[in-house]
Amino acid sequence: MDKQEKFIVPIGPQHPALKEPGHFEFTVDGEVVTSATARLGYVHRGIEKAVENRNWTQAMYMLERICGICSHVHATAYCLGVEKLAGVEAPPRAQAIRVLIAELERIHSHMLWWGVAAHEGGFDILFMYTWRDRETVMELLEMISGNRVHYSANLIGGVKFDIDQKQADAIRKGIDYLEERTRHYLEIITTDETFLGRTRNIGVMTSDQAKSLGAVGPTARASDVHRDVRIDHPYAGYDRFPVQIVTEKEGDLEARFIVRLKELFESYRLIREVLDNLPDSELTVKVPRKIPAGQVISRVEAPRGELFYYIESNGSDQPERIKVRTPTLPNWGTVLSTAVGLKLADMPMLLVGIDPCFSCNDRLVYVKDQNQSLTEKTWSWDDLRNHGIERYK
Amino acid sequence: MLDNYQSLEYARELLKPWVLSESTPAPERLDVELSAENLVAAVTALHQAGWGYLSAITGIDRPSSDPEQEGRIEVMYHFCWGGVVTTLRVFVPYSNPVIGTVCIEIPSASLYEREMIELYGVQFPGTPSTDHLLLPDDWPADVFPMRKSFTGFDSPDAD
Amino acid sequence: MQTDLNYQPLEQVVERIKTWARVNSPWAIHYNSGSCNGCDIELLTTITPHYDLERFGVKLQGSPRHADILLVTGAVSLQSRDRLVRIYNQMPEPKFVVAIGACATSGGVFRGCYSVLNGVDKLLPVDAYIPGCPPRPEAIIYGVVQLLKNIQNPNGHHPEKPLVITDVPPQEESSC
Amino acid sequence: MNNILPIVALIIFPGGLFLLTSGLAYEWVDRKLIARFQNRFGPRWFQPLADTVKLLAKEEIIPQGVNAFLFILLPVMGLAAALTAALYVPMAGLAPSFSFRGDLVVTLYLLSVLTLCLGLAGANSADRFSLIGATRTLTQVFSYEAPFMLAMLGPAIVTGSWQINEVNAYAQSNLWLIIAQPIGFLVALVGLMGKLELPPFDAPEAETEIVSGALTEYSGRGYALFRLGKNVELVIGLTLVAAFYLGGLASPLDFLWKTLALLLVLALLQTLFARLRIDQTVGLWWRIGALLALVQLLVLIVL
């Protein structure tokens, strides 16, 4: 196999499997993948630079639009950090509402994910049914906040809107329906033969491999690594509404499905708990326009894993530096190392297995394949595309 | 799992040989300043002891106010473990912004280092690969967007 | 598409059949050129049971070869600029471009960032703009239906279409 | 030999026009059923017609690095093979227009010519995805062809002749072969799904992995002809299996309800399963498909 030209399969940046642009090159030998590289950065908008010449409230609207699926979590992490800097504490009712919307967003994100993951495996009926049921949680979010995706519930120092009794009952009714559907999907995913053929012991990651590669969130918890910021370092209302950790042992694709589904049961319980004893206090607290100088680290559990914010202020009304490290970033390392040895047909499933969110991060991981000595003529996507263009002129 | 206070003590004692200055800006955080040379040794010590995982590398551009004193780039390595965060802080002058790479110890750190190379112009000799990460391939070589000196191609016509 | 009067009757009939076919089976391809994927998930919602688009014949295709409509979301980041141009060039002729979301229309909240090209119309001739951050699925469907209506009426407005768009260097277009 | 003028038979009735329209109609029924199973509304009745006319009116791009003559010829050859196969099959319940001893083998061969054209088309172009699509199509051909042939042999042995017309007559006269040879029917049905590359056997054009396999490079006319070929093959396959296993096709009404019943079963199977990887499909076929068909034949011979 040494002298023969390596057969490179470029997937992306435009590819039906990827809902977002990321460029992956899998060197294949027949159908078996021997090495994988990724080249992202297609969604890099220079947010961290732009934030430095906007004031604190404007920055929040930009940070919320880092990622459409986990926008509330970005805003919460940012607000908690800035409130800590300003030495201010959001009132308890606001904290509880932040937890409520964070959990609703987790449901919306996980349902979106396993619909798309089923579509990757060619199981379109599950994709259609899941996304039909996901409309219920979208309607709930729209009822509360007026918008389906960017609900921007947060303010620095509190929350924008309140949950009245009628809305609470509608949420409880929606949650009951969703819980019953999630039980149904959990049963399908663990029994349907053809789907198991695509997920059982594929892309297995042992727990110390997960630890060394720094995997976070459900991807780590599927390999029995107990990492969940809501439990390790409870923030916002999570100290008043504790969370139980959900982990699986096998660490394969199926385990990642099961962890995320079981997490939803945890979210349903949490939402009911928050709705039952919602502390009554006012919604926001006064925050000075100029945040005193200092730096703070704010960590939050996004649907995909630990989200890390480093915020520094120089006392003016504009932030000095905001560093955002999103959860998908460390998970990339895990995908590209477990990809070696699998079949090409498993790649889309593996890529979607960690629930990658390109807009959250546009990073690159370059993993050398084992046999370094190969002389390979890599034909990257650009060369392929250039070739394509000359042809049709 | 040790509780927060014990893990911070454990980290402090691990990093004792290289510490220049130390501070705890918050109850669950330890902030240690090191010199650039022995950063790799400190990171290896933390990693070998299994002290959490490297969560992020943050860079901040510190231009100096008076002209003859040279500006610096501050690079912070954040290690998270449960509820506790240890930050290793390193200052690197504009003239020779060189830090040792930690990729031998932590392979997935290569992506954080590449971001620093691209956006701040810090060099990591020995890092596995240095081609572009976020910026397009035709991006001018010596332009580092995250430096304060960079104000974009044209004045943003938005505001 | 323009069926002006000097066509003989036979060609007019053929032209009308062709337009009828194009309006009734618009196949689409979706490219995310730097979006926060809010618009992308709303776009995907339009093909799921709740808002099923297949009743109008719209099918999401994988290959640019099979598609008529290019749905672009996100403010075009410098990185994905040349990919977007290539996909546009690879699509066979009667092709249309729809810019979905505030970012694609004018760069949205990211207008002015150093690595973002404010809006798709700086690069491709855009036939329809759908504002909103993200636009609701109904808004996306309404936008596509407006585009189809525009194709159908003979004197509808169409942006002038250069045959092949070459790669546009960064300096040149960021000054305009 | 029925009495319709051969020319008319070839162009209008059982061949040509009727086949293309019934192909489009069956494609619509298929898409509508799948959509309804997925709780969606599904396309309007004239959707396949609109798709085909639009594709025919689109600009045809012939990429370089491709043998232009072959690029144009393959879709035409595929469709032609599919259309000729229709002449030996009792279309619309009437007697097949041409039939001779051993036309069963010829029909099965003609049906798989389209798949071979697809494989060749994929191998012809330089695009990565088409190359992989081509290899998958050809591997799949070798996996389902043998069991499908064996399943078709069952009824032929029972009637003692290789002529479709006689098998059809035999099937009408006595017990439905679906009851006599259930395993044969199962393998034939699933073999038909493999031949038409319907999910769960649609690895060769797995939309999420290799864009659309061998057809990635085709646009406009070529793609339209390939889609028409696929539709026609769907209709012929259904009539063949219905004629053999559902007690023959005596009248057009008979033809209609039997093939539509089969299509309903097919659509149900399509929505129920996730896509199998190519090695899983081949494994499934050789281990289960071929064995079942052999067992069926042994039972027949011993009987």
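In chain C of this predicted model, strand E1 (residues 27–32) runs parallel to strand E3 (residues 69–73), and five bridges hold the pairing together. Two of the partnerships can be picked out by name: Ile29(C) finds its bridge partner in Leu70(C) of E3(C), and Asn32(C) is bridged to Thr73(C), again in E3(C). Helix H2 (residues 38–45) of chain C packs on the sheet here, touching E1, E3 and strand E5 (96–100). The direction of H2(C) makes about 140° with that of E3(C). Another helix of chain C, H5 (residues 137–152), also packs on the sheet, this time touching E5 and E7; its direction and that of E7(C) make an angle of about 170°.

E1(C) has a second neighbour as well. Two bridges join E1(C) to E2(C), and this pair is parallel too. One link to look for is Trp27(C), whose bridge partner in E2(C) is Lys59(C). Taken with the helix that packs on the sheet, E1(C), H2(C) and E2(C) make a β-α-β unit, and it is right-handed. As for how much of E1(C) is covered, the answer is most of it: five of its six residues are buried.

Stepping back to the whole sheet of chain C, there are five strands in the order E2-E1-E3-E5-E7, paired in parallel, and the sheet is open. Strands E2 (59–60) and E7 (128–130) of chain C stand at the edges; each has a single partner strand, so one side of each is left without a neighbour in the sheet.

Chain A offers a separate story, about domains. The domain assignment splits chain A into domain 1, made up of 7–43 + 330–392, and domain 2, covering 72–307. Where the two meet, domain 1 of chain A puts in 18 residues and domain 2 of chain A puts in 20 residues. On the domain 1 side of this contact, helix H12 (328–338) and helix H13 (347–353) of chain A each supply at least two residues. H12(A) gives the largest share of that side, with six residues. By residue type, the side of domain 1 of chain A that touches domain 2 of chain A comes out as nine nonpolar, six polar and three charged residues.

Technical notes
Residues numbered from 1 in each chain as written. Chains lettered and ligands numbered in written order. Predicted model: local features only at pLDDT ≥ 70, side-chain atom pairs only at ≥ 80, totals over all residues. Pairing = 2+ DSSP bridges. Helix = DSSP H or I, 4+ residues; strand = E, 2+ residues; numbered from the N terminus. Contact = placed C-beta atoms within 7 Å. Axes fitted to C-alpha atoms, helices over the stretch in contact; angles between N-to-C directions. Buried ≥ 20, exposed ≤ 12 C-beta atoms within 10 Å, placed from the backbone. Right-handed = clockwise from strand over helix to strand, strands pointing away. Domains from an automatic or database assignment. Nonpolar A, V, L, I, M, F, W, Y, C, P; charged D, E, K, R; others polar.
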